Amino acid sequence: MFEEVFVPLADVGFDSDQAHLGRDCAAYTENEDRVHSVFAQLVSEISELAQSRGLNVKLEVDPFGNSYAVLEGESDDEIIICSHLDSVPNGGRFDGVVGVAAGLEVIKRFVEESKKPNKTIRVV
């Protein structure tokens with residue numbers, strides 16, 4: 001279910017008592033590190049299920065600290081689903097994480113249905 005992916009990401013840096021302030025998850029802060037850790041945990045959980053179904057999902061982190069979830073497809077051609085985990089000040093609770101959660105949900109659905117996509121799917 002989408003909430004299983006979305007809520008843990010959207011909750012990092014969000015204070016429901018001060019909801020009008022949105023998420024506090026500026027780039028290069030402790031909260032951004034926390035949300036990347038949550039992302040890594042979600043990818044790990046999806047990866048475990050993928051392995052049990054003969055699929056390959058992996059977490060990659062580039063030298064700049066960007067996190068990627070990658071579902072290996074039939075070819076090396078890629079479909080890239082891209083958003084961001086950090087937020088601008090007062091950007092709203094869903095700033096960035098909706099796109100990331102949607103991408104993870106795409107990968108998760110392929111895995112749950114034990115389907116290998118034609119192209120590799122990369123969530124950035």
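Is E60 buried or partly exposed? I looked this up before anything else, and at 25% relative accessibility E60 counts as partly exposed. A reminder to myself before going on: this is a predicted model.

**Entry 1: the partner of E60**

I followed the side chain of E60 and found a salt bridge with R122, the closest N and O atoms being 2.8 Å apart. R122 belongs to strand 4 and E60 to strand 1, so the pair ties together parts that are 62 residues apart in sequence. I then checked R122 itself, which is buried at a relative accessible area of 15%. My cut-off for buried is under 20% relative accessible area, so R122 at 15% falls on the buried side, while E60 at 25% is partly exposed.

**Entry 2: other charged pairs**

How many salt bridges does the structure hold? I noted nine. One of them joins the side chains of E4 and K108, at 2.8 Å from N to O. This pair spans distant parts of the chain, with E4 in helix 1 and K108 in helix 3, 104 residues apart. K108 is buried, and I wrote down a relative accessible area of 10% for this lysine.

Next I looked at E72 and K116, whose side chains meet in a salt bridge of 3.6 Å, N to O. E72 sits in the loop between strand 2 and strand 3, and K116 in the loop between helix 3 and strand 4, so this pair ties together parts that are 44 residues apart in sequence. Both ends came out partly exposed: E72 has a relative accessible area of 37%, and K116 has 35%. I also found that salt bridges with shared partners join K58, E60, E78 and R122 into one network.

**Entry 3: strand 2 and its neighbours**

Which strands pair with strand 2? Strand 1 (residues 57-61) runs antiparallel to strand 2, and five bridges join the two. I found V57 opposite L71 of strand 2. The two strands form a hairpin with five residues between them, and G65 in the turn has a positive phi of about 90°. Strand 4 also pairs with strand 2 in the antiparallel sense, over three bridges. Here I met R122 again, as the bridge partner of V70.

I then asked myself why strand 2 is largely enclosed by the rest of the structure. Five of its five residues are buried, so that description fits. S67, A69 and L71 point one way from the strand, Y68 and V70 point the other way, and all are buried.

**Entry 4: the largest nonpolar core**

I counted 25 residues in the largest nonpolar core, and the members touching the most others are L9, F39, V57, L104, I107 and V111. Helix 1 (2-11), helix 2 (30-52), strand 2 (67-71), helix 3 (97-112) and strand 4 (119-123) each supply at least two residues.

F39 seemed worth its own look. Leaving aside residues up to four places away in sequence, F39 touches L9, L59, S67, Y68, A69, L85, V100, L104 and V123.

**Entry 5: helix 1 and helix 3**

Which residues of helix 1 are buried? My list reads V5, F6, L9 and A10. Viewed down the helix axis, they fall within an arc of 110°, so they line one face of helix 1. Their cover includes helix 2 and helix 3.

Helix 3 has 16 residues and reaches 22 Å from its first C-alpha to its last, close to the 22 Å expected at 1.5 Å a residue. Its buried residues are V97, V100, A101, G103, L104, E105, I107, K108 and V111. What covers them includes helix 1, helix 2, strand 1, strand 2, strand 3 (75-81) and strand 4.

**Entry 6: positive phi angles**

I finished with the backbone. G13 follows helix 1 and has a positive phi near 80°. Y28 is not a glycine, yet has a positive phi of about 65°. I placed Y28 in the loop between helix 1 and helix 2, and found this tyrosine exposed at a relative accessible area of 74%. S114, also not a glycine, takes a positive phi of about 55° just after helix 3. S114 lies in the loop between helix 3 and strand 4 and is partly exposed, with a relative accessible area of 40%.

Key:
Residues are numbered from 1 along each chain as its sequence is written. This is a predicted model: local features need pLDDT of at least 70, side-chain atom pairs count only at pLDDT 80 or more; totals for chains, interfaces and linings use all residues. Side-chain values use heavy atoms; hydrogens and water are left out. A nonpolar core is a set of buried Ala, Val, Leu, Ile, Met, Phe, Trp, Tyr and Cys residues joined through side-chain atoms within 4.5 Å. Buried means under 20% relative accessible area, exposed over 50%, partly exposed in between (1.4 Å probe, protein chains only). Helices (H or I, at least four residues) and strands (E, at least two) are DSSP runs, numbered from the N terminus. Contact means heavy atoms within 4.5 Å. Two strands pair if DSSP finds at least two bridges between them. The arc is that of the directions from the helix axis to the C-beta atoms. The expected span of a helix is 1.5 Å times one less than its number of residues. A salt bridge is a side-chain nitrogen of Lys or Arg within 4 Å of a carboxyl oxygen of Asp or Glu.
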